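Q: Got a minute to walk me through this one? I have it open in the viewer and would like a quick tour.

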Amino acid sequence: MSRLVAVAKLLRGGGLPWLRVARDGLAAVRVAVGAAGLSTGVLECLRDGSADTASVRARLGFDDDGLLEPWLRVLQGHGFVRSSAGGWSLSRRGRRLLHDEVVRAAYEGFAGYHTGLYRELPSQLHGGPARRDIAEHGETIAQLTRAMEPVLHEALVAAVREVRPTRILDVGCGAGQNLAAVLAARPAAEGTGIEVDEAVADIAERLLAQRGLTGRARVLRGDVLALAAGGEAGGPYDLALLANVVYYLPLAARVPLFRALAGLLSGGGALLVTTTAATPDPFSRHFDLLLRAQGQGMELPEVEPLRRQLADAGLRPEPARRLVPGQPLVTVLARR
Ligand SMILES: C[S@@+](CC[C@H](N)C(=O)[O-])C[C@H]1O[C@@H](n2cnc3c(N)ncnc32)[C@H](O)[C@@H]1O
């Protein structure tokens with residue numbers, strides 16, 4: 001029986017819902033396989049060259065009762081490793097997973113906290129403890145957020161063109177890629193990132209150095225409100241970025257944050273807020289639940305209430321722009 005005939009028979013027999021679940025399920029398995037390739041250390045073990053099963057077992061200290069060979073075959077089946085006379089080696093996909101920080105974070109994040117939310121939801125709905133993803137996975141979150149860089153890039157460059165800043169602030173700068181992008185678009189400018197997570201601040205400093213920006217950029221470590229209140233946040237700034245950060249604060253804390261940021265802006269300076277907005281989009285709904293499950297009052301903002309809060313803080317918000325048609329990612333530029 002050809003594959004087409006088999007699929008046609010399944011569909012006639014009412015198999016479409018099953019096929020959909022199977023397709024999605026297999027995609028989820030592929031992501032879990034990649035993440036386990038990292039967490040078991042097998043991909044790392046093949047970093048510098050090929051090795052046979054016995055060497056992999058010895059190097060990783062496994063006592064696996066025959067599981068390692070089938071596990072390597074799973075990695076092979078999903079295209080992460082290859083097998084040859086020399087033993088097992090990394091495929092191009094496996095090498096990318098090992099070496100590309102954003103791809104790595106995507107596998108770890110989606111196999112980890114993004115789906116862990118639902119594995120642990122029954123217990124949380126029965127009063128179990130809140131999640132601790134922000135505290136435990138800050139580096140993965142910051143690296144995974146870099147995946148938005150190509151989508152955000154145009155809005156960042158447009159803001160630089162409009163505001164023509166010489167001093168730029170990036171609040172909750174994460175891995176630092178947005179600060180690097182605006183500094184690259186505005187060679188006359190100097191930049192300051194503020195980041196509360198020490199390990200994430202290290203990543204930002206590394207990325208800014210890799211892009212040759214150490215002399216034009218610094219990263220301040222600490223909570224932005226505390227740094228602003230203590231006069232340590234510097235300024236005045238012509239352009240402040242608040243990219244994918246606003247939902248870290250409860251609704252009631254956002255106007256005070258916007259006020260504090262307005263206080264760091266020069267006359268005519270601007271704050272660019274970018275965020276995933278609360279919409280009926282399935283990813284937006286999922287992300288909002290993930291935030292609420294942290295038990296710290298975190299939630300996605302709705303667009304118009306966000307603009308009203310910026311106005312309540314004394315800023316003049318322009319209309320919101322959607323970054324990708326149909327997607328919940330928006331930017332709002334608000335002038336002082
Ligand atoms: C989702 S990441 C986004 C990072 C970056 N802005 C981007 O768009 O890729 C949010 C970052 O904001 C930082 N952050 C959250 N609240 C903060 C605060 N009050 N002060 C400083 N940094 C904060 C977090 O530690 C985290 O690294």
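**Overall layout**

A: Sure. In terms of secondary structure, the protein has 18 helices and 10 strands. Keep in mind that this is a predicted model.

Q: What does the C-alpha trace span along its principal axes?
A: About 70 × 50 × 40 Å.

Q: And which domains is the protein divided into?
A: Domain 1 covers 1-99, and domain 2 is made of 148-278 + 297-335. Taken over C-alpha atoms, the centres of domain 1 and domain 2 are 40 Å apart.

Q: How much of the protein is buried?
A: Of the 336 residues, 46% are buried.

Q: OK, on to the strands. Why is strand 7 described as largely enclosed?
A: Strand 7 spans residues 265-276, and 10 of its 12 residues are buried, so the rest of the structure largely encloses it.

Q: Which way does strand 6 run relative to strand 7, parallel or antiparallel?
A: Strand 6 (residues 237-243) and strand 7 run parallel, joined by six bridges. If you want a spot to click on, L242 has V273 in strand 7 as its bridge partner.

Q: What about strand 7 and strand 10, parallel or antiparallel?
A: Those two are antiparallel, with seven bridges between strand 7 and strand 10 (residues 329-335). There, T275 is partnered with V330 of strand 10.

Q: What kind of unit do strand 6, helix 16 and strand 7 make?
A: A β-α-β unit, and a right-handed one; helix 16 is residues 254-264.

Q: Where does N244 sit?
A: In the loop between strand 6 and helix 16. N244 has a positive phi, about 60°, although it is not a glycine. With 7% relative accessibility, N244 counts as buried.

Q: Which residue other than glycine has a phi near 50°?
A: That's D65. D65 sits in the loop between helix 4 and helix 5 (68-77). Unlike the buried N244, D65 is exposed, at 78% relative accessible area.

Q: While we're on backbone geometry, is the peptide bond from G235 to P236 cis or trans?
A: Cis, with omega near 0°. P236 belongs to the loop between helix 15 (224-229) and strand 6.

Q: Switching to electrostatics: how many salt bridges does the structure hold?
A: There are 18 salt bridges.

Q: Give me one that connects distant bits of chain.
A: Try E101 and R206, whose closest N and O atoms are 3.9 Å apart. E101 is in helix 7 (residues 101-111) and R206 in helix 14 (residues 198-210), so this pair ties together parts 105 residues apart in sequence. Both ends are partly exposed: E101 has 34% relative accessibility, and R206 has 43%.

Q: What does R167 pair with?
A: R167 makes a salt bridge with D238, at 3.4 Å from N to O. R167 lies in strand 3 (residues 167-171) and D238 in strand 6, so the pair ties together parts that are 71 residues apart in sequence.

Q: And is D238 buried or exposed?
A: D238 counts as buried, at 12% relative accessibility. R167 is partly exposed, at 35%.

Q: Which residue does R221 meet in a salt bridge?
A: E205, with 3.0 Å from N to O. The two sit 16 residues apart, R221 in strand 5 (residues 217-221) and E205 in helix 14. Shared partners join E198, D202, E205 and R221 into one salt-bridge network. Of these, R221 is partly exposed at 30%, and E205 is partly exposed at 36%.

Q: Now something greasy. Which residues form a nonpolar patch on the surface?
A: V7, L11 and L16 do, with about 220 Å² of accessible area together. V7 is part of helix 1 (residues 3-12), and V7 is partly exposed at 33% relative accessible area.

Q: Last one: where is S50 found?
A: In the loop between helix 3 (42-45) and helix 4 (53-60). S50 is partly exposed, with 41% relative accessible area. From the C-alpha of S50 to that of L98 is 15 Å, and the two residues are 48 apart along the chain.

Conventions
Residues are numbered from 1 along each chain as its sequence is written. This is a predicted model: local features need pLDDT of at least 70, side-chain atom pairs count only at pLDDT 80 or more; totals for chains, interfaces and linings use all residues. Side-chain values use heavy atoms; hydrogens and water are left out. Domain bounds come from an automatic or database domain assignment. Patches are made of residues with over 30% relative accessible area and no salt bridge: like charges are joined within 9 Å, nonpolar side chains (Val, Leu, Ile, Met, Phe, Trp, Tyr) within 5 Å. Accessible areas come from the Shrake-Rupley method with a 1.4 Å probe; for residues, only the protein chains shown count as cover. A salt bridge is a side-chain nitrogen of Lys or Arg within 4 Å of a carboxyl oxygen of Asp or Glu. Helices (H or I, at least four residues) and strands (E, at least two) are DSSP runs, numbered from the N terminus. Buried means under 20% relative accessible area, exposed over 50%, partly exposed in between (1.4 Å probe, protein chains only). Two strands pair if DSSP finds at least two bridges between them. A crossover is right-handed if, with the strands pointing away from the viewer, the path from the first strand over the helix to the second runs clockwise.
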